[in-house]
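Morning, everyone. Please have the sequence and the model open. I'll be quick.

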Amino acid sequence: MRKVVGESLDSLDGYSLVEAPVPEPGPGQVRLRITDCGLGYVDALVALGRYQVKPPLPHTPGQEVAGLVDALGAGVAGLAPGDRVMATVAGGFADFALAPAVACARLPDTMTSGQAAGFRINHLTALHGLEHRADLRPGETLLVLGAAGGVGTAAVQVGKIMGARVLACASTPEKRAFAAACGADATLDTEGEGWRDRLKALCGGKGPDVIFDPVCGPLFEPAFRSLAWGGRHLVVGFAGGPIPALPANLPLMKGASLTGVDVRQFLLFEGPRAAQTLDRLLAWVAEGRLSPPEGRRFPLADYGAALEFALSGQGMGKTLVGAGE
């Protein structure tokens, strides 16, 4: 099988596409034939050694995949060869990978491989953040920053299902149109001059009740200052670059909260609740209430271009690597 392997994280030159043995599943594992691997900003940072945690070498990028069950290890029940699943793996830039059976979830018939490969992390983050951390309520106004990215798009869609009025903030007309197509009620640019006034006008003179912020860039403090009384600002990620600071008096003056959302620790410390949350999300897909967009797809042989694209901020939705179904 083909597999992308990095012997160094210094640059893309440390990676190559190699031939490797097809892995055999051990007890409790399944072997997947990968059709798509989701690639996010953090995945690209990790692959190029720019994340705070460095993976061991050799490194194969990609952890969120969709594909077909190809073989079962001992003791696996409830899955069969040919089942369409999403899973978490170690090394999704490959034709085949092993996954714990418990990390596999069957896809609804209405869900494509491309939708599934970018679904679990982004949509779990969105629903966990908006429901468990922000207690978003029907009728409230939700501002999503970075609204055309993978997790931003998920927040737009989940916020609408939860009954919020969703404002999508994105940097280009194309990205704003994409966010609107995903269900945003109104869109907003990212130009700093007069930004708070434009936001206030969209909020009817008040301000957003909840901010979903995977960027934490130049608009971080202006957005927090714009919150309505009792507002909640969710810190989801730092795609905007250097980590910003916030004057400690602002939460007091606004009666507002700054709250972290970390889906990896949610999965670690609240596994059963996370599983129930994923089940709800997949039920929404099956019912036709949620239809995630597919991002741009790159063939496995173009892994370098895919990593560069994921880092560029140009993508809309989650970038995909693979042949699709």
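I'll cover one aspartate, then a pocket, then an alanine. Keep in mind that this is a predicted model.

Start with Asp213. Find strand β11, residues 210–213. Asp213 is part of that strand. Now, is Asp213 buried or exposed? Asp213 is buried. It also has no salt bridge. The nearest side chain of opposite charge belongs to Arg225, and that is 13 Å away.

So what does the side chain of Asp213 reach? One partner is the backbone nitrogen of Cys216, at 2.7 Å. Another is a side chain: Asp213 and His233 share a polar contact of 3.1 Å.

Next, the neighbours. Leave out residues up to four places away in sequence. Asp213 then touches Leu145, Phe220, His233, Leu234, Val235, Val236 and Gly237. Note that His233 is on that list and also makes the polar contact.

Move on to the second largest pocket. Its volume is about 340 Å³. How many residues line it? The lining has 17 residues. Nearest the centre of the pocket are Asp43, Val46, Pro55, His59 and Gln63. Which helix gives the most to this lining? That is helix α1, residues 41–47, with 3 residues.

Last stop, Ala301. Look in the loop between β14, 297–298, and α11, 303–312. Why do we call Ala301 partly exposed? Because its relative accessibility is 47%, and the partly exposed class runs between 20% and 50%.

Finally, link the two ends of this tour. Ala301 and Asp213 are 88 residues apart along the chain. Their C-alpha atoms are separated by 33 Å.

Terms used: Residues numbered from 1 in each chain as written. Predicted model: local features only at pLDDT ≥ 70, side-chain atom pairs only at ≥ 80, totals over all residues. Heavy atoms only, no water. Helix = DSSP H or I, 4+ residues; strand = E, 2+ residues; numbered from the N terminus. Buried < 20%, exposed > 50% of the residue type's maximum accessible area, 1.4 Å probe, protein only. Lys, Arg positive; Asp, Glu negative; His and termini not counted. Salt bridge = Lys/Arg side-chain N within 4 Å of Asp/Glu carboxyl O. Polar contact = N/O pair within 3.5 Å; in protein donor to acceptor, adjacent residues only side chain to side chain. Contact = heavy atoms within 4.5 Å. 1 Å grid on protein atoms, 1.4 Å probe; cavity = no way out; pocket = protein on both sides within 12 Å on 5 of 7 lines; lining within 4 Å. Points joined across faces, edges and corners; volume = space filled by probe spheres on them.
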